[in-house]
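Reader: I should like to understand how the terms used for a protein model are justified. May we go through them one at a time?

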Amino acid sequence: MSYVDGFVLAVPKASLDAYKKMAENAGAIWMEHGALAYVECTGDDVPYGELTSFPRAVQAKEDEVVIFSWVVYESRQSRDAVMAKVMADERLKMDWSAMPFDGKRMIFGGFQPFVEL
């Protein structure tokens, strides 16, 4: 079965084009190093929930859009190998203070699928 890394973050609407450019570059690099799929989505129907929601989870502000992303790998072992190559790739060395989003509010994790149709 495959393995999935998932991400949720908030991007200021004014920085969305810069984020999209960064994501396209990152996605190409992830795929080059062995990811099976790389997907970035902007929130289109993500209401602010009373108790929980995507916007609450990343403390999205009025002028921000929620981004939901995932990367698919062949396996956990493959993910670990791909991630090591991605993190060592000089093309992704960036100044975190200049990123088009607040990385401290990003949620991420690795997931083992139990249903794949």
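Author: What follows is a set of questions about the terms applied to this model, which is predicted.

Reader: What makes β1 and β3 paired strands?

Author: Two strands pair if at least two bridges are found between them. Strand β1, residues 3-12, is joined to β3 by 10 bridges, and the two run antiparallel. One of the contacts places Ala10 opposite Val66 in β3. The requirement of at least two bridges is therefore met by the 10 bridges between β1 and β3.

Reader: How do you know that β2 and β3 pair as well?

Author: The same rule of at least two bridges applies. Strand β2, residues 37-42, shares six bridges with β3, again in the antiparallel sense. Thr42, for example, has Ile67 in β3 as its bridge partner.

Reader: How many residues of β3 are buried?

Author: Strand β3 covers residues 64-73, and eight of its 10 residues are buried. Buried means under 20% relative accessible area.

Reader: Why is Phe68 called partly exposed?

Author: Phe68 has 38% relative accessibility. Buried requires a value under 20% and exposed a value over 50%, so 38% places Phe68 in the partly exposed class.

Reader: Why is the ring pair of Tyr19 and Phe101 called edge-to-face?

Author: The structure holds four aromatic pairs. In the pair of Tyr19 and Phe101, the ring centres are 5.7 Å apart and the planes stand at 80°. Centres must lie within 6.5 Å for a pair, and planes over 60 degrees apart count as edge-to-face, so both conditions are satisfied by Tyr19 and Phe101. Because Tyr19 belongs to helix α1 and Phe101 to the loop between α3 and β4, the pair ties together parts that are 82 residues apart in sequence. Tyr19 and Phe101 are both buried.

Reader: What makes the pair of Phe54 and Phe68 tilted?

Author: The ring centres of Phe54 and Phe68 are 5.7 Å apart, and their planes are at 50°. An angle under 30 degrees would count as stacked and one over 60 as edge-to-face, so 50° makes this pair tilted. Phe54 lies in helix α2, residues 54-57, and Phe68 in strand β3, so the pair ties together parts 14 residues apart in sequence. Ring pairs also link Phe54, Phe68 and Trp70 into a cluster. Phe54 is partly exposed, with a relative accessible area of 41%.

Reader: Which residues touch the most other members of the largest nonpolar core?

Author: That core has 23 residues, and those touching the most other members are Leu9, Val11, Tyr19, Trp30, Ile67, Tyr73 and Phe101. The elements giving two or more residues to this core are β1, α1, β3 and α3. Helix α1 gives the most, with seven residues. In soluble globular proteins, nonpolar side chains tend to be buried together.

Reader: What lines the largest pocket?

Author: The largest pocket holds about 600 Å³ of space. It is lined by 28 residues, of which Phe7, Trp30, Met87, Trp96 and Met106 are the closest to its centre. Helix α1 supplies the largest share of the lining, five residues. By class, the lining has 19 nonpolar, four polar and five charged residues.

Reader: How do you know whether Trp96 and Asp89 are buried or exposed?

Author: Trp96 lies in the loop between α3 and β4. Its relative accessibility is 57%, which is over the 50% cut-off, so Trp96 counts as exposed. Asp89 is in the loop between α3 and β4 too. At 10%, Asp89 falls under the 20% limit and therefore counts as buried.

Reader: What makes the phi of Gln59 worth a remark?

Author: Most residues other than glycine have a negative phi. Gln59 is not a glycine, although its phi is positive, about 50°. Gln59 is found in the loop between α2 and β3. With 57% relative accessibility, against a cut-off of over 50%, Gln59 counts as exposed.

Methods: Residues are numbered from 1 along each chain as its sequence is written. This is a predicted model: local features need pLDDT of at least 70, side-chain atom pairs count only at pLDDT 80 or more; totals for chains, interfaces and linings use all residues. Side-chain values use heavy atoms; hydrogens and water are left out. Buried means under 20% relative accessible area, exposed over 50%, partly exposed in between (1.4 Å probe, protein chains only). Helices (H or I, at least four residues) and strands (E, at least two) are DSSP runs, numbered from the N terminus. On a 1 Å grid over the protein atoms alone, a cavity is a set of points where a 1.4 Å probe fits but cannot get out, and a pocket is an open set with protein on both sides within 12 Å along at least five of seven lines; lining residues have an atom within 4 Å of a point. Grid points are joined across faces, edges and corners, and a volume is the space filled by probe spheres set on the points. Ala, Val, Leu, Ile, Met, Phe, Trp, Tyr, Cys and Pro count as nonpolar, Asp, Glu, Lys and Arg as charged, and the others, Gly among them, as polar. Rings of Phe, Tyr and Trp (its six-membered ring) pair if their centres lie within 6.5 Å; planes under 30 degrees apart count as stacked, over 60 as edge-to-face and the rest as tilted. A nonpolar core is a set of buried Ala, Val, Leu, Ile, Met, Phe, Trp, Tyr and Cys residues joined through side-chain atoms within 4.5 Å.
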